[in-house]
Amino acid sequence: GPLVDQMNYELSECQAGEGVDDDGRVTWLGNDPARYVYILEEGSSNPGVPPNYDLPDGTIWRVDVAPQDAPIDSGVSFGDAPEGSFQVFPALGESPAALVTGQRYHLYVLFDVAMPLARCVFEAP
C-alpha cells in the first residue's frame with residue numbers, strides 16, 4: 001500500500017528552486033504547506049510512519065507542526081522552527097549539523113503522514 005510505497009520510494013534530483021538555498025531557506029515547489037520537513041544525509045532511509053519509522057538514521061533536521069496548528073509554508077530557515085512548529089531533531093535547543101557545500105542531501109516534505117509534497121536530492125550551496 002501507500003506506506004510501503006513511501007518507504008521504498010526512490011528519490012530523484014530536486015527541481016530548480018527546491019532544497020536549501022544560499023540564504024539557508026528550505027524550499028519546495030507548489031503552494032502546499034507542510035506539517036513535516038526533513039533534511040537527511042544522502043543515502044538515508046525515507047521517513048515512515050510514527051512511532052517507529054519517522055526518524056530514520058541520517059536525519060539532520062526535522063520540524064513538525066501539531067495537528068491543531070496551521071501548517072508551514074515553503075521558505076523556512078534551515079535550523080529554525082517557524083512559529084507554530086517545533087523542532088524534533090536535533091533535540092530542542094540544539095542546532096543541526098551544518099550542511100557542507102557541494103554535498104548532497106535529501107529533502108523530504110510531507111503535508112501529513114504518508115502525504116508527500118517533496119522527496120528529492122539536492123546539493124548544498
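**Disulfide, cores and ring pairs**

Colleague: Which residue does the disulfide join to Cys14?

Modeller: A disulfide is a pair of cysteine sulfur atoms within 2.5 Å, and this one has an S to S distance of 2.0 Å. Bear in mind that this is a predicted model, where local features need pLDDT of at least 70, side-chain atom pairs count only at pLDDT 80 or more, and totals for chains, interfaces and linings use all residues. Residues are numbered from 1 along each chain as its sequence is written, while side-chain values use heavy atoms, with hydrogens and water left out. The residue joined to Cys14 is Cys120.

Colleague: How many residues apart are Cys14 and Cys120?

Modeller: Cys14 sits in the loop between β1 (12-13) and β2, and Cys120 is in strand β9. Strands here are DSSP runs (E, at least two residues), numbered from the N terminus. The pair links distant parts of the chain, with a separation of 106 residues.

Colleague: Are those two cysteines, Cys14 and Cys120, buried or exposed?

Modeller: The cut-offs on relative accessible area are under 20% for buried, over 50% for exposed and partly exposed in between (1.4 Å probe, protein chains only). By that yardstick, Cys14 and Cys120 are both buried.

Colleague: Which strand gives the largest share of the largest nonpolar core?

Modeller: A nonpolar core is a set of buried Ala, Val, Leu, Ile, Met, Phe, Trp, Tyr and Cys residues joined through side-chain atoms within 4.5 Å. The largest one has 22 residues, and those with the most contacts inside it are Val26, Ile39, Trp61, Leu99 and Leu107. Two or more residues come from each of β4 (36-41), β5 (59-65), β8 (104-112) and β9 (115-123). The largest share, four residues, comes from β5.

Colleague: And how many residues are in the second core, the one with Tyr36 and Tyr38?

Modeller: That core is separate, and Tyr108 and Leu110 are also among its members. Its residue count is seven.

Colleague: What is the angle between the planes of Tyr38 and Tyr108?

Modeller: Rings of Phe, Tyr and Trp (its six-membered ring) pair if their centres lie within 6.5 Å, and planes under 30 degrees apart count as stacked, over 60 as edge-to-face and the rest as tilted. A search of the whole structure finds three aromatic pairs. Tyr38 and Tyr108 make one that is edge-to-face, 6.3 Å centre to centre, with the planes at 85°.

Colleague: Why does the Tyr38 and Tyr108 pair tie together parts that are apart in sequence?

Modeller: Tyr38 lies in strand β4 and Tyr108 in strand β8. The pair therefore ties together parts whose separation in sequence is 70 residues.

Colleague: How is the pair of Trp61 and Phe78 classed?

Modeller: Trp61 is in strand β5, and Phe78 is in the loop between β6 and β7. Both Trp61 and Phe78 are buried. Their ring centres are 5.4 Å apart and their planes stand at 70°, so the pair is edge-to-face.

Colleague: Which residue shares a side-chain polar contact with Asp64?

Modeller: Asp64 has a place in strand β5 and is buried, with a relative accessible area of 6%. A polar contact is a pair of N or O atoms within 3.5 Å; within protein, one must be able to donate a hydrogen and the other to accept it, and residues adjacent in sequence count only if both atoms are side-chain atoms. At 2.6 Å, the side chain joined to that of Asp64 belongs to Arg62.
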